[in-house]
Amino acid sequence: MKKVTKAIGLTLVAASLLVSAACSKTEAQALDSKKITIGVTGGPHQQIADQVKKLAKKDGIDITVKVFNDYNTPNTALDQHDLDSNNYQTLPFLKQQVEDKNYKITDVFKTVAFPMGIYANSLKNVSELKKGDKIAVPNDPSNEYRALKLFESAGVIKLKDDVKTTATKKDIAENKLDLQIVELEASQLPSQLDEVAAAAINTNFAMGAGLSINDDAIYHEKIKNNPYPNYFVVRTENKQDKIIDKLEKYYHSDTIHTYIEKEFKGSVVPAF
């Protein structure tokens, strides 16, 4: 009987330790105030983060910049604690990812805006589109909505009156030219310009392909007061951490503001 009691006791202790370990693993931990990893997409976000890194280094803060080439992985990595933060996305995109994947992440401050443009290899104006032409848009929900709104603003299509921020080509109410809407991964759009008449391309991917919104886009969103700023994002448990205020100070500094305006000449604009 004593052996049975002892065995039960040991089992309970083991179970207790497992529960404690699980609790400690999920327990919120503040970000290191002197060291942080930021996930970004390649291109402007990476360049800006590198400049922020220089400012932080003067204050003894070590920033590691981790670069991604897609829009989904940085949020997964952040939610799974493989990153401390990221900076690459608009608020509609973030909200959709949180809703779809139940991520525990949140925005903390605005950084920059990337005005989206319509690009074409053989057209100089959207009015040159012909009946039955193919036009391409990003296939993720928030960016597809944004691209369709851009084509609508250009007078190419008309969306349904009750359209939501997760619209797809199914939400087009009027398409007088009977254009074929091709939905593609955002990063693939520049390489497909020979296959379509025109494409709405996110600026970071356009720039990566050597395209400039001012020199090459045949139509684009407004550059000043752009309605789609990007946000610095952290796990929800870390939104009040001390290092966040410091990072916001760097990102919103005159040094970074001047760098953005000189380096990107309107393709990327400060959103602060």
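How many bridges join strand S6 to strand S10, and do these strands run parallel or antiparallel? In this predicted model, strand S6 (residues 134-138) and strand S10 (residues 198-201) are joined by 2 bridges and run parallel. Within this pairing, Ile135 of S6 stands opposite Ala198 of S10.

The two strands belong to an open sheet of 5 strands, whose order is S9-S6-S10-S5-S11 and whose pairing is mixed. Strand S9 (180-184) and strand S11 (219-220) stand at the edges of this sheet, and because each has a single partner strand, one side of each is left without a neighbour in the sheet. Helix H5 (residues 141-153) lies across strand S5 (117-119), S6, S9, S10 and S11, and the direction in which the helix runs is at about 140° to S6.

A further open sheet, composed of 6 strands in the order S2-S1-S3-S12-S4-S13, likewise has mixed pairing. Here the edges are occupied by strand S2 (62-68) and strand S13 (269-270), each of which has a single partner strand, so that one side of each is left without a neighbour in the sheet. Strand S1 (residues 35-41) is joined to S2 by 7 bridges, and the two strands run parallel; in this pairing, the bridge partner of Val40 is Val67 in S2. Helix H7 (residues 242-251) packs on the sheet, where it touches S1, S2, strand S3 (85-90), strand S4 (105-113) and strand S12 (229-235), and its direction makes about 10° with that of S4.

Helix H7 also takes part in a salt bridge. By the rule applied, the count of salt bridges comes to 4, and among them is the one in which the side chains of Asp59 and Lys249 meet at 3.9 Å, N to O. This pair links distant parts of the chain, since Asp59 lies in the loop between helix H2 (44-58) and S2, whereas Lys249 lies in helix H7, 190 residues apart.

At the level of domains, the protein chain is divided into domain 1, which comprises 35-115 together with 227-270, and domain 2, which comprises 117-220. The C-alpha centres of the two domains lie 26 Å apart, and 17 residues of domain 1 are in contact with 18 residues of domain 2. The size of an interface is often given as the accessible area lost when the parts come together. Between domain 1 and domain 2 the buried area is about 1,500 Å², of which 56% is given by carbon and sulfur atoms. Helix H4 (residues 91-101) gives the most to the side of domain 1 that touches domain 2, with 3 residues. Between the two domains the count of salt bridges is 0, while 6 residue pairs are found in polar contact across the interface, with both residues of each pair at pLDDT 80 or more.

Terms used:
Residues numbered from 1 in each chain as written. Predicted model: local features only at pLDDT ≥ 70, side-chain atom pairs only at ≥ 80, totals over all residues. Heavy atoms only, no water. Pairing = 2+ DSSP bridges. Helix = DSSP H or I, 4+ residues; strand = E, 2+ residues; numbered from the N terminus. Contact = heavy atoms within 4.5 Å. Axes fitted to C-alpha atoms, helices over the stretch in contact; angles between N-to-C directions. Domains from an automatic or database assignment. Buried area = accessible area lost by both parts, 1.4 Å probe. Polar contact = N/O pair within 3.5 Å; in protein donor to acceptor, adjacent residues only side chain to side chain.
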